[in-house]
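Dear colleague,

I am passing on the structure we spoke of, with the sequence alongside. Please have it open while you read the notes below.

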Amino acid sequence: MKDLMRIKCLISQDIETLLNQQIKKEAHSSSLYLSMASWCNQNGYDFSADYFTKQSEEERMHQLKLFKYVLDMGGNAISPEVTGIKTDFAGFREVFEDALEAEIAITQSFKNLAAKCHKEQDFVTMEFLNWFLKEQREEEYKARRALELFEVIGEEGMGRWEIDKHVNKISYSEE
């Protein structure tokens, strides 16, 4: 019966495995952003706490979108266990540095998944992944712009407060 189910699945076992790994990475990112939101809240950076809470919600939405796709293709989507979430940060800037690093890692993971789809000629999954690749362009842009605020505004005096105020105003436009 298991072999019959695999035949009915529209994605290969390798692609399914990679998609489930991506689901776990999105869940990890969502939890990491919640941890960042908590740290920011505890340290008086209310706007940044809100920003990271929204980022967490987006990552959760990405996780669920991937999960549904695996199911829709006849695969076995796995709800991941998430552990090892960083909860302490040396400072305000480190939170944003870690956020950018996380987004770059997610982008690379999607690129690797897309390369595997291309190699297997899984054009259906490749088309599905295009949405995520486009989304990552926005995510990395916003993370970079947030980090640039530390250079533009500076951290001294009221700098961190100004950075916190501006984080939620960062937006991305393809135009």
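What follows is a summary of what was found, starting with the annotated residues and ending with the charged pairs.

Please bear in mind throughout that this is a predicted model. The UniProt record, an unreviewed entry, lists residues 9–154 as "domain: Ferritin-like diiron". In the model, that span is 80% helix and 0% strand, and its end C-alpha atoms lie 53 Å apart.

The annotated site

The same kind of record, again unreviewed, gives the annotation "binding site" to Glu26, Glu59, His62, Glu103 and Gln136. These positions are spread over 111 residues of sequence, yet they cluster in space, with a largest C-alpha distance of 12.8 Å.

Three of these residues can be described in more detail. Glutamate 26 belongs to helix α2, which covers residues 13–42, and glutamate 26 is buried, since its relative accessible area is 0%. Setting aside residues up to four places away in sequence, glutamate 26 touches Glu59, His62, Gln63, Leu66, Ile106 and Phe110, so two members of the annotated set, Glu59 and His62, are among its contacts. Glutamate 59 lies in helix α3 and, at 0% relative accessibility, also counts as buried; beyond its neighbours within four places in sequence, its contacts include Glu26, Glu103 and Glu139. Histidine 62 is likewise placed in helix α3, residues 46–72, and is buried with a relative accessible area of 0%. With neighbours within four places left out, histidine 62 is in contact with Glu26, Trp131, Phe132, Glu135 and Glu139.

Helix α5 and its two ends

Helix α5 runs over residues 123–153, and its 31 residues reach 45 Å from the first C-alpha to the last, close to the 45 Å expected at 1.5 Å a residue. There is nevertheless a kink of about 30 degrees in α5, centred on leucine 129. Glycine 154 follows the helix and has a positive phi, near 85 degrees. Ahead of α5, glutamine 121 sits in the loop that connects α4 (92–120) to α5, and its phi is positive, about 55 degrees, although glutamine 121 is not a glycine. Most residues other than glycine have a negative phi, which is the reason for drawing your attention to this position. Glutamine 121 counts as exposed, at 58% relative accessibility.

Salt bridges and cysteines

The count of salt bridges comes to 14. One of them joins glutamate 58 to lysine 142, with the closest N and O atoms 4.0 Å apart; because glutamate 58 lies in helix α3 and lysine 142 in helix α5, the pair ties together parts that are 84 residues apart in sequence. Glutamate 58 is partly exposed, at 22%, whereas lysine 142 is buried, with a relative accessible area of 10%. Lysine 142 also meets glutamate 138 in a salt bridge (3.8 Å, N to O), and these two residues, 4 apart in helix α5, are separated by about one helical turn. Within helix α3, lysine 68 pairs with aspartate 72 at 2.8 Å between the closest N and O atoms. In addition, Asp14, Lys116 and Glu120 are linked in a network of salt bridges.

Finally, the count of disulfides comes to 0; cysteine 40 is buried at 0% relative accessibility, and cysteine 117 is buried at 0% as well.

With kind regards

Notes
Residues numbered from 1 in each chain as written. Predicted model: local features only at pLDDT ≥ 70, side-chain atom pairs only at ≥ 80, totals over all residues. Heavy atoms only, no water. Expected span 1.5 Å × (residues − 1). Bend = angle between axes of the 7 residues up to and from the residue. Buried < 20%, exposed > 50% of the residue type's maximum accessible area, 1.4 Å probe, protein only. Contact = heavy atoms within 4.5 Å. UniProt positions renumbered as here; feature names shortened; annotations may be inferred. Disulfide = S-S within 2.5 Å. Salt bridge = Lys/Arg side-chain N within 4 Å of Asp/Glu carboxyl O.
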